[in-house]
Amino acid sequence: MNSFSEYSKQISQYAIQAQPDPYRPVEEYFKCQVSNMGSVMLPMLNGWYVQESDGLTTYDNGVIAGSLKAALAQCPELVKPCLFQQKPEEKDELTASNEAQFTDGIFIYVPDDVKVEKPFQIVSLINSREDLLVQNRHVINMGRNAELSVIQCDDSTRYGKTFLNIVTEISLSENAKLHYYKTENKEAGSLLFHHIFVNQKAYSFFHSNAITFNAGYVCNNIHVNLNEPFAETKLYGLYLVDKTQHCDNHIKVDHVAPDCKSFQLYKGIMDDEAEALFHGHVVVRPDSQRTSAFQTNRNILLTDKAKINTKPFLEIYADDVQCSHGATVGQLDDEALYYLRSRGIGEKSARKLLMFAFANEICHFVEIPALKDRLSDMVQRRLNGELTICDQCMLHGAENSDLIFPIDASKL
């Protein structure tokens with residue numbers, strides 16, 4: 001497995017799109033039709049925010065959303081306190097490269113006491129015949145008692161290879177709540193590194209749910225700092241990989257203050273020669289008494305050549321804590337298979353049912369009903385070998401017929 005340093009050396013092999021594409025309404029080439037979700041679309045194309053005018057929208061409730069570049073020019077006082085906040089030990093070669101060379105990104109600001117009813121949906125599209133390097137930086141700044149849901153989707157055409165090096169910085173003020181959902185469905189030639197840094201103040205709540213459906217190489221890094229008392233974070237993840245795909249999840253939760261809670265549950269299914277890594281690290285500082293921290297990683301290997309490297313890790317310097325960690329690696333339960341087959345279910349269908357029950361638990365923690373139903377359907381399709389791209393994502397108007405992805409509607 002290559003280190004971040006080794007991957008950072010490959011950046012020079014990829015082209016950078018120095019300017020955004022000429023404006024076209026995003027509806028002409030992308031449409032998300034998840035029924036009843038009603039999200040506010042924030043599209044990125046080849047590393048640039050898709051914009052017609054100044055790139056920033058201010059809503060009636062004071063919420064601001066749009067291009068990070070535009071926000072730095074128009075409201076720097078809201079951006080700069082949340083930008084480049086990583087400690088030296090939290091940085092690596094890829095995050096340093098992003099800091100120095102990011103092209104654009106998404107900025108979202110939610111004022112004090114504002115609850116945003118509709119989720120914001122960040123859609124990162126790649127449509128390039130070149131092998132493209134994309135370095136975006138997203139910033140989410142939430143005021144006191146603010147509440148928001150964000151959905152981030154990574155999609156692409158199948159022209160060239162892509163190297164995506166993305167950083168998201170999240171600042172949660174006192175009693176703020178953020179539900180953050182991430183779906184990854186990339187082509188086999190892609191490299192995707194996504195680094196998320198979260199800083200939480202007192203009584204704030206951060207909920208993350210990340211699902212990897214397809215990718216060449218994916219590395220998700222989440223670093224959460226619980227900086228003030230009674231902050232809470234819940235992190236869920238699912239990775240479904242096959243062929244020679246590779247998915248890493250590096251999670252670090254730093255309990256800086258007392259009376260905070262953290263919970264992690266990550267699950268994976270590996271088939272063929274796929275590989276995955278889970279590294280969960282919880283730190284409890286000396287003054288962080290009355291900490292509750294739990295982390296669990298569960299994996300199913302479907303072949304002898306599939307691999308998982310799992311390392312849940314607790315680093316505790318306080319004595320009044322409730323902490324646990326664990327990991328499991330195994331195959332499908334033979335007794336459960338026998339039970340289903342004894343009820344007249346064929347072996348192939350029985351295996352798929354068991355895998356779906358195992359994986360779909362992560363979807364249950366999605367709190368947007370329409371998104372929960374769609375993700376459950378995508379998990380089922382993925383395990384049934386049908387899913388190549390979300391069937392609700394339609395990319396139109398391109399020259400290449402590969403932009404059409406018909407999916408058989410058959411179910412288990």
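Here is a short chat between a student and an author about the structure above.

Reader: Before we start, what kind of model is this?
Author: Residues are numbered from 1 along each chain as its sequence is written, and side-chain values use heavy atoms, leaving out hydrogens and water. Local features need pLDDT of at least 70, side-chain atom pairs count only at pLDDT 80 or more, and totals for chains, interfaces and linings use all residues, since this is a predicted model.

Reader: OK, which strands stand at the edges of the open sheet?
Author: Strands here are DSSP runs of E with at least two residues, while helices are runs of H or I with at least four, both numbered from the N terminus. Two strands pair if DSSP finds at least two bridges between them. The open sheet has 10 strands in the order β4-β3-β8-β11-β13-β15-β17-β19-β21-β23, with mixed pairing. Each edge strand has a single partner, so one side of it is left without a neighbour in the sheet, and these strands are β4 (48–49) and β23 (321–330).

Reader: What angle does helix α7 make with β15?
Author: Helix α7 (residues 369–383) packs on that sheet, touching β11, β13, β15, β17 and β19. Axes are lines fitted to C-alpha atoms, for helices over the stretch in contact, and angles run from 0 to 180 degrees between N-to-C directions. With β15, the angle is about 30°.

Reader: Let's look at β14. How many of its residues are buried?
Author: Buried means under 20% relative accessible area, exposed over 50%, and partly exposed in between (1.4 Å probe, protein chains only). β14 covers residues 190–200 and runs parallel to β12 (residues 162–172), with 11 bridges joining them. It also pairs in the parallel sense with β16 (residues 217–226) over 10 bridges. As for burial in β14, the count is 10 of 11 residues.

Reader: Is Thr-212 buried or exposed?
Author: Thr-212 lies in strand β15 (residues 205–214). Its contacts (heavy atoms within 4.5 Å), leaving aside neighbours within four places in sequence, include Val-218, Leu-238 and Cys-247. Its relative accessible area is 2%, so Thr-212 is buried.

Reader: How many residues does the largest nonpolar core have?
Author: A nonpolar core is a set of buried Ala, Val, Leu, Ile, Met, Phe, Trp, Tyr and Cys residues joined through side-chain atoms within 4.5 Å. Phe-206 is among those with the most contacts inside the largest one. A second, separate core has 31 residues, including Cys-153 and Leu-337. For the largest core, the number is 53 residues.
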